[in-house]
Amino acid sequence: MTFENILSAIDSFIWGPPLLILLSGTGLYLTLRLGFIQIVQLPRALRYLFKRDSGLQQKGDVSSFAALCTALAATIGTGNIVGVATAVQAGGPGAIFWMWLVALLGMATKYAECLLAVKYRVRDKNGFMAGGPMYYIERGLGLGWLAKLFALFGVLVAFFGIGTFPQINAITHAMQDTFSIPVSITAAIITLLVGLIILGGVKRIALVSSYIVPFMAVFYVATSIIIILLNLDKIPTALQLIIHSAFNPEAALGGALGFTVMKAIQSGVARGIFSNESGLGSAPIAAAAAQTKEPVRQGLISMTGTFLDTIIVCTMTGIVLVLTGAWQTPGMEGAVVTNYAFSQGLGSSIGATIVTIGLLFFAFTTILGWCYYGERCFVYLVGIRGIKLYRIAFIALVGCGAFIHLNLIWILADIVNGLMAIPNLIALIGLRKVVIEETKDYFSRLNANQFDQDEMTQ
């Protein structure tokens, strides 16, 4: 048995029914107990994105919008372009349906974890805000060992999962495929740029992300909408195929072998979590830096990240893949599949160029966001004296990721993602009453006009 086969077995075990039930069950419980907050309060959450909190005199390092952009920088990346393609190729179009479902439930999960991040955050010795699952596990649950376990897994995800390997690999190979730029040259340039930015800390990361992420997301979605409009007559058939193959893939795909409901669920959930990171515990680390006095307010803002990432951006990629039939093209994998889909959809090679440029910026900002996440976890474990060591190791791993086999990269990412999610989900279950009470208190005060007029008009 090869090393890759061993890792595949571990991956299948971690992402088996127990973790799938824990993820979906936590999201479903929070959805029901919070009164479908992700649907009912979504308009308010979207308004909050563009309105500063009246409590900016309170502790915090960056604005709530910048904190969200930092989180989105770490989520909108290869998962939206490469991850969706690998999920559809592995589980069929039905994987997209399960992505939607895990995103809907994940919005409630993201709300809860980011609320807790602000509630239990602290200020570190450098004067920066520090928060996230390790802090609400320690301060809320009183389980220091579980907090350290989460932080360890968080560092592993930054080093070997979402943070480095999938992103740099996707960038370098897409640049080679589209512009014939050698992998080694792209890897060297990206590694140098990453080093220059991350040495500036969270404020520089947030500044870069707040400019790049909104622009590229709008540009990518707009291109996808153009393709959908050009193929409007195929939309009903594509949606029918997605829903039908989610529950009966062999019948929907003409008796195609290898596609099962379980494989569609596993692929959709694993890639959905990779993309939006709901339940993973990463976004709360960014949310903790937000300048706000209200944990619920930041929770609402943060949950829009899952909506924007999966319900909007991932859906665009998935629809284009199904509309064009590119997911069935033999001999293609990863970003090449999505490049092909967009080229087919636009009837021009410019489609591949747009995807590659989008992937370049999305994946680059994901590297930046995850450097910050991993750094916060590393500091929690060893203190601020280890920051330079962590950053040097991270930069070195960014450079290495371009030369590792794609399948091995995704298996490694799935494994460490799953390990990171487990302690965080345990904490969300253990602190569920805190989330519910904080939510009730906030909206009772809102309804009783206990906020200033600026807040009430949002």
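**Pockets, cavities and a nonpolar patch**

The lining of the second largest pocket consists of 15 nonpolar residues, with no polar and no charged ones. The model described here is predicted. In this model, the second largest pocket has a volume of about 260 Å³. Of its 15 lining residues, Leu72, Pro214, Ala217, Val218 and Leu308 are the closest to the centre. Three elements give two or more residues to this lining: helix 5 (64-75), helix 12 (201-230) and helix 17 (295-324). Helix 12 provides the largest share, five residues.

The largest pocket has a volume of about 520 Å³. It is lined by 20 residues. Closest to its centre are Ala90, Lys263, Arg271, Asn407 and Asp414. At least two lining residues come from each of helix 1 (3-14), helix 6 (78-91), helix 15 (261-276) and helix 21 (406-430). The lining of the largest pocket is mixed in character: seven residues are nonpolar, eight are polar and five are charged. In the second largest pocket, by contrast, no polar and no charged residues take part in the lining.

Cavities were also searched for. Across the whole structure, four cavities of 30 Å³ or more were found. The largest cavity has a volume of about 60 Å³. Its lining is made up of Leu23, Ser24, Gly27, Val102, Leu105, Gly106, Thr109, Ile273, Ser278 and Leu425. Helix 2 (17-33) and helix 7 (94-119) each supply at least two of the lining residues. Helix 7 gives the most, with four residues. Five residues of this lining are nonpolar and five are polar. None is charged.

The surface carries a nonpolar patch of about 540 Å². Leu28, Leu32, Phe36, Ile39, Val40 and Leu104 make up this patch. Helix 2 and helix 3 (37-40) are the elements that give two or more residues to the patch. Isoleucine 39, one of the patch residues, lies in helix 3. Helix 2 thus appears in two settings: it supplies at least two residues to the lining of the largest cavity, and it gives two or more residues to the nonpolar patch.

Notes
Residues numbered from 1 in each chain as written. Predicted model: local features only at pLDDT ≥ 70, side-chain atom pairs only at ≥ 80, totals over all residues. Heavy atoms only, no water. 1 Å grid on protein atoms, 1.4 Å probe; cavity = no way out; pocket = protein on both sides within 12 Å on 5 of 7 lines; lining within 4 Å. Points joined across faces, edges and corners; volume = space filled by probe spheres on them. Nonpolar A, V, L, I, M, F, W, Y, C, P; charged D, E, K, R; others polar. Patch = residues over 30% accessible without salt bridge, like charges linked within 9 Å, V, L, I, M, F, W, Y side chains within 5 Å. Areas by Shrake-Rupley, 256 points an atom, 1.4 Å probe, with all protein chains shown as cover. Salt bridge = Lys/Arg side-chain N within 4 Å of Asp/Glu carboxyl O.
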